[in-house]
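Let us take a friendly walk through this model together. Have your viewer open, and follow along as the paragraphs move from one region to the next.

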Amino acid sequence: MVTIRKPRKSSRGFTLIELLVVLAILTLLAGLVGPRVLNQLGGAKSKTAAVQISDLDKSLELFKLDVGRYPNTEEGLDALVKRPGSINGWTGPYLKGGLPTDPWGRAYRYANPGPKGGIEILSLGADGAPGGEGENADIRNTP
């Protein structure tokens, strides 16, 4: 007598419990890591604004060396890319690629004289309003 063995069903795939455990672990990881990654992204925008303001400040120094003064408030930062009126000594443009916007897509503010004297270059941060903390804080070339 010959017995025929039936092949065993091999268990393939994952059980529902295993899938739920993996999903729970992934959710916990996303909850812990996600906010930290987003905070780093925000900090990067503030740092980018600070670097751009520093570059604008240096370009204004070159403008001053050529012209003998900083652009006034009416001429603004546009004076770095376009000759303002019939100004003598202008050898610009002083910025490659045009005038940048801040990391939140708004134009940098410029004042000469600024509130504390001298020149002021300002980004109002993520919220676009004066003051604020963290990502909403103002970023300027003067402390």
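A residue counts as buried when its relative accessible area is under 20%, as exposed when that value is over 50%, and as partly exposed in between. Keep in mind that you are looking at a predicted model. With that scale in hand, start at V21, which sits in helix α1. V21 has a relative accessible area of 45%, so it falls into the partly exposed class. V21 also belongs to a nonpolar surface patch of about 1,200 Å², whose members include L16, L20, I25, L29 and V37.

Now follow the helix further along to two serines. S46 is found in helix α1, and its relative accessible area of 18% makes it buried. What does S46 touch, once residues up to four places away in sequence are set aside? Its partners are W104, E135 and I139. S59 is likewise a residue of helix α1. With 6% relative accessibility, S59 is classed as buried. Leaving aside neighbours within four places in sequence, S59 makes contact with L80, Y94 and L95.

Y94 is a good residue to stay with, as it brings us to the aromatic side chains. A pair of aromatic rings is described by two quantities, the distance of the centres and the angle of the planes. How many aromatic pairs does the model have? The count comes to two. In one of them, F63 and Y94 meet edge-to-face, with 5.8 Å from centre to centre and 70° between the planes. Helix α1 covers residues 16-67 and holds F63, while Y94 lies in the loop between α1 and β1 (109-111), so this pair ties together parts of the chain that are 31 residues apart in sequence. Both F63 and Y94 are buried. Y94 also pairs with W90, again edge-to-face, at 5.8 Å centre to centre and with 90° between the planes. W90 is buried, as is Y94. Taken together, the ring pairs join F63, W90 and Y94 into a cluster.

From the loop we can move on to the strands. How are the three strands arranged? They form an open sheet in the order β1-β2-β3, with antiparallel pairing. β1 and β3 (139-140) are the edge strands, and each of them pairs on one side only. Between β1 and β2 there are three bridges, and these two strands run antiparallel. Y110 has I121 in β2 as its bridge partner. On the other side, two bridges connect β2 with β3, which run antiparallel as well. There, L122 stands opposite R140 of β3.

Which way do the residues of β2 point? E120 and L122 point one way from the strand, whereas I121 and S123 point the other way, and all of them are buried.

R140 and E120 come up once more when we turn to charge. Side chains of opposite charge can pair when their charged atoms come close. The model has two salt bridges. One is formed by E120 and R140, whose closest N and O atoms are 2.9 Å apart. This pair links distant parts of the chain, as E120 is in strand β2 and R140 is in strand β3, 20 residues apart. Are the two partners buried or partly exposed? E120 has a relative accessible area of 11% and is therefore buried. R140, at 34% relative accessibility, counts as partly exposed. The side chains of R69 and E75 also meet in a salt bridge, at 2.9 Å from N to O. With a relative accessible area of 31%, R69 is partly exposed.

One last stop is the loop between β1 and β2 (120-123), where you will find G117. The relative accessibility of G117 is 38%, which means that it counts as partly exposed. How far apart are G117 and T142 in sequence and in space? They are separated by 25 residues in sequence and by 10.0 Å in space, taken from C-alpha to C-alpha.

How values were computed: Residues are numbered from 1 along each chain as its sequence is written. This is a predicted model: local features need pLDDT of at least 70, side-chain atom pairs count only at pLDDT 80 or more; totals for chains, interfaces and linings use all residues. Side-chain values use heavy atoms; hydrogens and water are left out. Rings of Phe, Tyr and Trp (its six-membered ring) pair if their centres lie within 6.5 Å; planes under 30 degrees apart count as stacked, over 60 as edge-to-face and the rest as tilted. Helices (H or I, at least four residues) and strands (E, at least two) are DSSP runs, numbered from the N terminus. Buried means under 20% relative accessible area, exposed over 50%, partly exposed in between (1.4 Å probe, protein chains only). Two strands pair if DSSP finds at least two bridges between them. Contact means heavy atoms within 4.5 Å. Patches are made of residues with over 30% relative accessible area and no salt bridge: like charges are joined within 9 Å, nonpolar side chains (Val, Leu, Ile, Met, Phe, Trp, Tyr) within 5 Å. Accessible areas come from the Shrake-Rupley method with a 1.4 Å probe; for residues, only the protein chains shown count as cover. A salt bridge is a side-chain nitrogen of Lys or Arg within 4 Å of a carboxyl oxygen of Asp or Glu.
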